[in-house]
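Visitor: Please take a close look at the interior packing of this model. An account that follows the contacts from one residue to the next would be most useful.

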Amino acid sequence: MPDTDILKERFAKKALPMALEIKELIKEHGDHVLGTYTLEQVYAGMKGMIGMVTETSKLDPEEGIRFRGYSIPELTVKLPKAKGGNEPLPEGIFYLMLIGELPTEEDVIYVSNAWARRSNVPKHVFDMLDALPLSTHPMTQFSAAVLALQTESLFAAAYRKGMSKKDYWDAMYEDVMNLIARLPRIAAYIYRRVYKKGEHIEPDSKLDWAANFAHMLGYDNFDFKRLMRLYLTIHADHEGGNVSAHTTHLVGSALSDSYYSFAAGMCGLAGPLHGLANQEVVRWILDLKEHFGGVPTKLQIEEYVKKTLSEGKVVPGYGHAVLRKTDPRYTAQQEFAMKYMPEDENFKIVQMVYEVVPPILSSIGKIKNPWPNVDAHSGVLLIHYGMVEYDFYTVLFGVSRSLGVLSSMLWDRALGSPLERPGSVTTEWIKKKIKADANLSNG
Ligand code: CMX
């Protein structure tokens, strides 16, 4: 490791004064009301209730995600790119989320080199993976591998020795950087182990983080590398309340280190209503094709959507807990497809599904957002380049999501975020409260 770490220094310069600023803010405005919430919201998964602070990104229901104030279309222009590529480098979005400023090309190279230096994965992690049945879902393997890597936590080791609160962020910085650096190797190992007869590919430290990941997965063509750069950038963060981010934050609030917290977050990403939807979308499209014996017509898609709904299932890739318009992450992938694979058969189906599904979902009445989310598009891009093993797709999402949830975790430690512990009540308590409030207002 170099003696001075400019990224660490810049982070400290930004985050540590902010901890004091927040203390002042609470002192002066601690009783400021941010909103009220209803019984329905409590039963409906706390949607729309402001309950946490996340510095790295903010989601607008109409406009979509903004990372430190920048939208995805803005970032595709403003973030540094690889030579000969149009897609932003994920190192850049990490820098932006961590430091709060757009990186220069030099900054991005700095992050890239730092991750390359830190990327060594100890053998026991691979041994543990090799002990699992090959049929183990890749997300189970991924979470388990992150947990096995917890042996390397410098935060946990320093805490055990008796670290002062003011040093939490320092040890956490090392864990966050080391973990992000190691994830592509672990993910690629799982992929090659399960689908490529265990023929593993050594990393190439000269490549950027995403390109090296593509290389270790076994996809060395330039187009797949550019897809990985885009993919790993746009999946990185979606403010703090989504399941993977919130879980990482919650577990981290007990001062569990980044390995424990991120493994827990990945168990949440593995749910079909969250990240696993990307594999479910492809399964649904392949089943649709099989059902009609090839590329379906719009009428056939309509029939299939209605069949899915009548069987009490969700249409994967559609709807969102916060968004109320087409997800800009969907649009970014659609634009990529139009540019690089406009004639792809599966892309054409995805385009037809986009025309057919929203009016049907809208007509049901209860669905708050009939539009596609990020997962409705990602799979067909991967299939186009030969990555057909859709059970693996959520692992790719997870590698990207580490950038957001782990930079948030570092911010949490620097800002001295406390243990999270919301109150909970029973339905009996709620019924009594309604009665008591009614009696009070009746005088
Ligand atoms: N297909 C069928 N029904 C849907 C639906 C869909 N795509 N989206 C929502 N609904 C249903 C809900 O299941 C719910 O039904 P019940 O009242 O019978 O329980 C009703 O519509 C209202 O739901 P909502 O308030 O609009 O949506 P939620 O905030 O509860 O849930 C989400 C959001 C994403 C879980 C939901 O839209 C869904 O299940 N979508 C399909 C799965 C998916 O694509 N998930 C990925 C999201 C992005 C990500 O995290 O990666």
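Guide: Contact here means heavy atoms within 4.5 Å. The model is predicted.

A suitable starting point is the largest nonpolar core, which has 97 residues. F94, F142, L217 and M387 are the residues with the most contacts inside this core. Helix 9, spanning residues 168–195, supplies the largest share of the core, with 17 residues. Leaving out residues up to four places away in sequence, F94 touches L7, V111, W115, V176, M177, I180, L403 and S407.

A second core, separate from the one just described, has 21 residues and includes W284, F292, V356 and I360. The discussion returns to W284 and F292 below.

F94 is also among the buried residues of helix 4. This helix covers residues 90–99, and 10 of its 10 residues are buried, so helix 4 is largely enclosed by the rest of the structure. Its buried residues include P90, E91 and G92 as well as I93, Y95 and L96. Just after helix 4, G100 adopts a positive phi of about 85°.

Two of the other core residues named above, L217 and M387, lead to L396, which is in contact with both of them. L396 is located in helix 19, residues 393–414. Its relative accessible area is 0%; the cut-off for a buried residue is under 20%, and L396 is therefore buried. With neighbours within four places in sequence set aside, the further contacts of L396 are F213, M228, Y231, L232 and L382. Of these, M228 lies 168 residues from L396 along the chain, yet their C-alpha atoms are separated by 8.8 Å.

The second core leads to a pair of helices, since W284 and F292 are among the helix 14 residues that meet helix 15. Two packed helices are described by the angle between their axes and the distance between the axes. For helix 14 (residues 277–292) and helix 15 (residues 298–310), the angle is about 120° and the axes are 11 Å apart. That angle makes helix 14 oblique to helix 15. The crossing of the two helices is right-handed. Besides W284 and F292, helix 14 contributes D287, L288 and H291, while helix 15 contributes Q300, I301, E303, Y304, V305, K307 and T308. Sorted by class, the contact of helix 14 with helix 15 comprises six nonpolar, three polar and three charged residues.

Note on methods. Residues numbered from 1 in each chain as written. Predicted model: local features only at pLDDT ≥ 70, side-chain atom pairs only at ≥ 80, totals over all residues. Heavy atoms only, no water. Axes fitted to C-alpha atoms, helices over the stretch in contact; angles between N-to-C directions. Helix = DSSP H or I, 4+ residues; strand = E, 2+ residues; numbered from the N terminus. Parallel < 35°, antiparallel > 145°, perpendicular 65-115°, else oblique. Left-handed = near helix turned anticlockwise from the far one by under 90°. Nonpolar A, V, L, I, M, F, W, Y, C, P; charged D, E, K, R; others polar. Core = buried A, V, L, I, M, F, W, Y, C linked by side-chain atoms within 4.5 Å. Buried < 20%, exposed > 50% of the residue type's maximum accessible area, 1.4 Å probe, protein only.
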